[in-house]
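Here are a few exercises to work through with the model open in your viewer. Try each task before you read the solution under it.

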Amino acid sequence: MTILGIESSCDETAAAVVRDGNLLLGNVVASSMELHAPYGGVVPEIAARSHIEAIIPTISTALEQAKTNWADIDGIAVTYGAGLSGSLLVGVLTARTLAIIYNKPLYAINHVEGHVYANFLTKTSLPGYDLPAEQPEFPMLALIVSGGHTQLVYFTDHFTYRVLGQTLDDAVGEAFDKVAKMLGLAYPGGPSIQVAAAKGKAKFPLPTAKLSAKYNFSFSGLKTAVLRLAQQQIGEDYGFPSSKLAERLSEAQKADISASFLTTAIDTLVGKTLLAYLEYKPKSVVIAGGVASSQPLRQQLSKRLPIAIAYTDVKLCTDNGAMIATLGWYKHAKNQTPADPFSLSPKPNLVM
Ligand code: KG4
Ligand code: ZN
């Protein structure tokens, strides 16, 4: 069985073809990221317009890469939330139209749940992918860390899960992006903070949020603490505008602030994942979402958790169609009810 996956929730237009729930045959990601970089974040109107231009060529290229045609496709999976409404609309309307024209079942995919399924891919016909040898086993603990979400989810089976905790304010990826903007580092913030941090020392202690629910997260206090630290480093008070910090900070100061922020953010993520591991004793632990491509996060998790973690290729951590096609494959194989191709509408605020 072969599923086409379509993803357009944010600034990546993506399509992929997945067979047998673990074999990646085609994976194409067209990003409008460089168009948003000057603004330090995604501009919804620019993203939606870029999806319109890119979506058909992206799907065609994914099918070509997979050496498949429509006759080989058993179903179409599409992200219908969460995300930017204009962006989601392009993917959903395209998938609905294709499902009607080619008479294929359509599966509505939750983007965040989709991220987890990147970890189920173990084989590919494509060059340049480093995939885990085995699929994760249930029960499975998932740390989902992206630009829009930060949550710990305990899965006992496909589609059967409990959200143990989540962020009460900023997502961790959002905190990376905002801190990078403050320090004048390139968007997206995650990779540029990783690079800057490698040149510095985590010499500044930063606070971690103390929350009553032990698996919840909060990153807005950390972001404010970084702002205060940066102001203090240049000898200014808290009224100094964050937009003027970058020009006053030295490269060495930026590197040390980045390293301090990175260390604190990762420590929080790893600490809570370890706590959940010890309480729930899952058979596997996976990480998912854009921040899961962080090498320091992977290193710390592997060091502190008493279980071997198989990490997927970093290309499958940031937004892609492969994760959507994989979850769609399981929905199709396990007889989940397909969506109505005449009425499926985007759900920008969809939660797990
Ligand atoms: O999953 P994703 O592509 O989009 C959302 O669903 O949000 O995640 C994007 C986020 C951005 O905030 C970006 O800064 C972060 O993932 N990110 C990273 C790294 N690569 C991307 N964060 C930390 N370290 C990285 N290497
Ligand atoms: Zn995502």
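**Exercise 1.** Work out whether Lys 281 is buried or exposed, then look at its backbone and do the matching job for Lys 67.

*Solution.* Bear in mind that this is a predicted model.
- Step 1: Lys 281 has a relative accessible area of 54%. The cut-off for exposed is over 50%, so Lys 281 counts as exposed.
- Step 2: place Lys 281 in the fold. You'll find this lysine in the loop between α9 (251–280) and β10 (284–288).
- Step 3: check the phi angle. For Lys 281 phi is positive, about 45°, even though the residue is not a glycine.
- Step 4: turn to Lys 67, which sits in the loop between α2 (44–65) and β4 (75–81). Phi of Lys 67 is positive too, near 55°, and again the residue is not a glycine.
- Step 5: with a relative accessible area of 75%, Lys 67 is exposed.

**Exercise 2.** Find which residues are joined by a cis peptide bond, and say where the prolines sit.

*Solution.*
- Step 1: go to Phe 138 and Pro 139. Omega is about -5° there, and the bond joining them is cis. Pro 139 belongs to the loop between β6 (123–124) and β7 (140–145).
- Step 2: move on to Tyr 187 and Pro 188, joined by a cis peptide bond with omega about -5°. Pro 188 is in the loop between α5 and α6.
- Step 3: keep Tyr 187 in mind, since this residue also turns up among the contacts of Asp 11.

**Exercise 3.** Decide whether Asp 11 is buried or exposed, and list what it touches.

*Solution.*
- Step 1: Asp 11 lies in the loop between β1 (2–7) and β2 (12–19).
- Step 2: its relative accessible area is 5%, so Asp 11 is buried.
- Step 3: skip residues up to four places away in sequence. Asp 11 then touches Ala 30, Ser 31, Ser 32, Met 33, His 36, Val 42, Ala 47, His 51 and Tyr 187.
- Step 4: set sequence against space. Ser 87 is 76 residues from Asp 11 along the chain, yet their C-alpha atoms are 7.6 Å apart.

**Exercise 4.** Do the same for His 332: which element holds it, and is it buried or exposed?

*Solution.*
- Step 1: His 332 is part of helix α11 (residues 322–333).
- Step 2: the relative accessibility is 17%, and buried means under 20%, so His 332 counts as buried.
- Step 3: leave out neighbours within four places in sequence, and the contacts of His 332 are Met 1, Ile 3, Asp 74, Pro 105 and Tyr 107.

**Exercise 5.** Describe the surroundings of ligand 1: what comes nearest, and which polar atoms does it meet?

*Solution.*
- Step 1: ligand 1 takes up the space of the largest pocket.
- Step 2: there are 20 residues around ligand 1, and Gly 147, Asp 177, Gly 190, Gln 194 and Gly 290 come nearest.
- Step 3: sort the shell by helix. α4 (111–117), α5 (172–183) and α6 (189–198) each supply at least two residues, and α6 gives the most, with four.
- Step 4: go through some polar pairs. An N or O atom in the Asp 177 side chain is 2.7 Å from a ligand oxygen, a polar backbone atom of Gly 290 is 2.9 Å from a ligand oxygen, and a polar side-chain atom of Ser 293 is 3.2 Å from a ligand nitrogen.
- Step 5: finish with the area. Ligand 1 taken alone exposes 550 Å², of which the protein buries 88%.

Notes. Residues are numbered from 1 along each chain as its sequence is written. Chains are lettered from A and ligands numbered from 1 in the order in which they are written. This is a predicted model: local features need pLDDT of at least 70, side-chain atom pairs count only at pLDDT 80 or more; totals for chains, interfaces and linings use all residues. Side-chain values use heavy atoms; hydrogens and water are left out. Buried means under 20% relative accessible area, exposed over 50%, partly exposed in between (1.4 Å probe, protein chains only). Contact means heavy atoms within 4.5 Å. A residue is near a molecule or strand if one of its heavy atoms lies within 4 Å of it. A polar contact is a pair of N or O atoms within 3.5 Å; within protein, one must be able to donate a hydrogen and the other to accept it, and residues adjacent in sequence count only if both atoms are side-chain atoms. Accessible areas come from the Shrake-Rupley method with a 1.4 Å probe; for residues, only the protein chains shown count as cover. On a 1 Å grid over the protein atoms alone, a cavity is a set of points where a 1.4 Å probe fits but cannot get out, and a pocket is an open set with protein on both sides within 12 Å along at least five of seven lines; lining residues have an atom within 4 Å of a point. A molecule sits in a cavity or pocket if more than half of its atoms lie within 2 Å of its grid points.
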